[in-house]
Amino acid sequence: MKTRRLDLQRIRQEQKVTQLQLSELTGYPQSFISQIERGKVSVPMSFIKKLGEEFHIDNMDDYVTYIDITKPNKSAGVSELVQAPVQDQKPEVEVQQEPSTSTEKATIDRLVELLERSEQRNEKLEKEVASLRAEIEALKG
């Protein structure tokens, strides 16, 4: 499984903005921005796009890396995760061979469509969760 990591602190330093200012610019809670910087959450594409637009960054790929997260074998301990950077790879749906039938092609097209919709829903939910966390923090404070 791959997860996106964003060098958000580097972007903030280059743009000379604080987490709070970035929160106000993007509409995402400061706590969520902090979680991104600490590598606690996968970064939604909507957030990456918003940053690129706000700061006029043409190539956000310079700030994004993809981490492969896999479970180790049983002897290493089930609760531990091993993280290994994946060199300049982006998550893609890879097809080993050309589909041999129109049914296979239709199935692959449908799976790709489902994957894209799932990613969009995931980004929407991540933003909603971040917003709810901010509301909870505001109520606590």
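Visitor: Is Glu53 buried or exposed?

Guide: This is a predicted model, and every value below is computed from it. A residue counts as exposed when its relative accessible area is over 50%. Glu53 comes to 56% relative accessibility, so Glu53 counts as exposed. Glu53 sits in helix 4.

Visitor: Which residue lies 27 positions from Glu53 along the chain, with its C-alpha atom 9.8 Å away?

Guide: That residue is Thr26: the C-alpha atoms of Glu53 and Thr26 are separated by 9.8 Å.

Visitor: Let me step back. How many helices and strands does the protein chain have?

Guide: The protein chain has 5 helices and 3 strands. Their order along the sequence is β-α-α-α-α-β-β-α.

Visitor: What share of the residues in the protein chain is buried?

Guide: Of the 141 residues in the protein chain, 28% are buried. The accessible surface of the chain is about 10,200 Å², and carbon and sulfur atoms account for 49% of that surface. Contacts can be read by separation in sequence as well. Among contacts in the chain with a separation of 6 or more, 60% join residues 24 or more positions apart.

Visitor: How should I read a single helix? Which residues of helix 1 are buried?

Guide: Start with the general idea. An α-helix has 3.6 residues a turn, so residues three or four places apart point the same way. Now the case here. Helix 1 covers residues 8–15, and its buried residues are Leu8, Ile11 and Arg12. Viewed down the helix axis, these buried residues fall within an arc of 100°, so they line one face of helix 1.

Visitor: What does Ile11 touch, apart from its neighbours within four places in sequence?

Guide: With those neighbours left aside, Ile11 is in contact with Leu6, Leu51, Phe55, Ile57, Met60 and Tyr63. Ile11 belongs to helix 1 and is buried, with a relative accessible area of 1%. One of its partners, Ile57, is 46 residues away along the chain, and the C-alpha atoms of the two are 9.6 Å apart.

Visitor: How do I read the packing of two helices? At what angle do helix 1 and helix 3 pack?

Guide: Two values describe such a pair: the angle of the axes and the distance between them. Helix 1 and helix 3 (residues 30–37) pack at about 115°, and their axes are 8 Å apart. On the helix 1 side the residues are Leu8, Gln9 and Arg12, which meet Ile33, Ile36 and Glu37 of helix 3. Sorted by class, this contact has 3 nonpolar, 1 polar and 2 charged residues.

Visitor: How many residues of helix 3 are buried?

Guide: Helix 3 is mostly covered, with 6 of its 8 residues buried. They are Ser31, Phe32, Ile33, Ser34, Gln35 and Ile36. Take Ser31 as an example: at 12% relative accessibility, Ser31 counts as buried. The C-alpha atom of Ser31 is 9.0 Å from that of Leu20, a residue 11 places away along the chain.

Visitor: At what angle do the axes of helix 2 and helix 4 cross?

Guide: The axes of helix 2 (residues 19–26) and helix 4 (residues 45–54) cross at roughly 95° and come within 10 Å. Angles of 65 to 115 degrees count as roughly perpendicular, and the crossing makes helix 2 roughly perpendicular to helix 4. Helix 2 contributes Leu22, Leu25 and Thr26 to the contact, while helix 4 contributes Phe47, Lys50, Leu51 and Glu54. By class, the residues are 4 nonpolar, 1 polar and 2 charged.

Visitor: Now the backbone. What is the phi of Lys16?

Guide: The sign of phi is the point to read. Lys16 is not a glycine, yet its phi is positive, about 55°. Lys16 comes just after helix 1, in the loop between helix 1 and helix 2. At 70% relative accessibility, Lys16 counts as exposed.

Visitor: Where is His56, and what is its phi?

Guide: His56 lies in the loop between helix 4 and strand 2 (64–70). Its phi is near 55°, a positive value in a residue other than glycine. His56 is exposed, with a relative accessible area of 68%.

Visitor: Which residue takes a positive phi just after helix 3?

Guide: That is Gly39, with a positive phi of about 75°.

Terms used
Residues numbered from 1 in each chain as written. Predicted model: local features only at pLDDT ≥ 70, side-chain atom pairs only at ≥ 80, totals over all residues. Heavy atoms only, no water. Buried < 20%, exposed > 50% of the residue type's maximum accessible area, 1.4 Å probe, protein only. Helix = DSSP H or I, 4+ residues; strand = E, 2+ residues; numbered from the N terminus. Arc of directions from axis to C-beta. Axes fitted to C-alpha atoms, helices over the stretch in contact; angles between N-to-C directions. Parallel < 35°, antiparallel > 145°, perpendicular 65-115°, else oblique. Contact = heavy atoms within 4.5 Å. Nonpolar A, V, L, I, M, F, W, Y, C, P; charged D, E, K, R; others polar. Areas by Shrake-Rupley, 256 points an atom, 1.4 Å probe, with all protein chains shown as cover.
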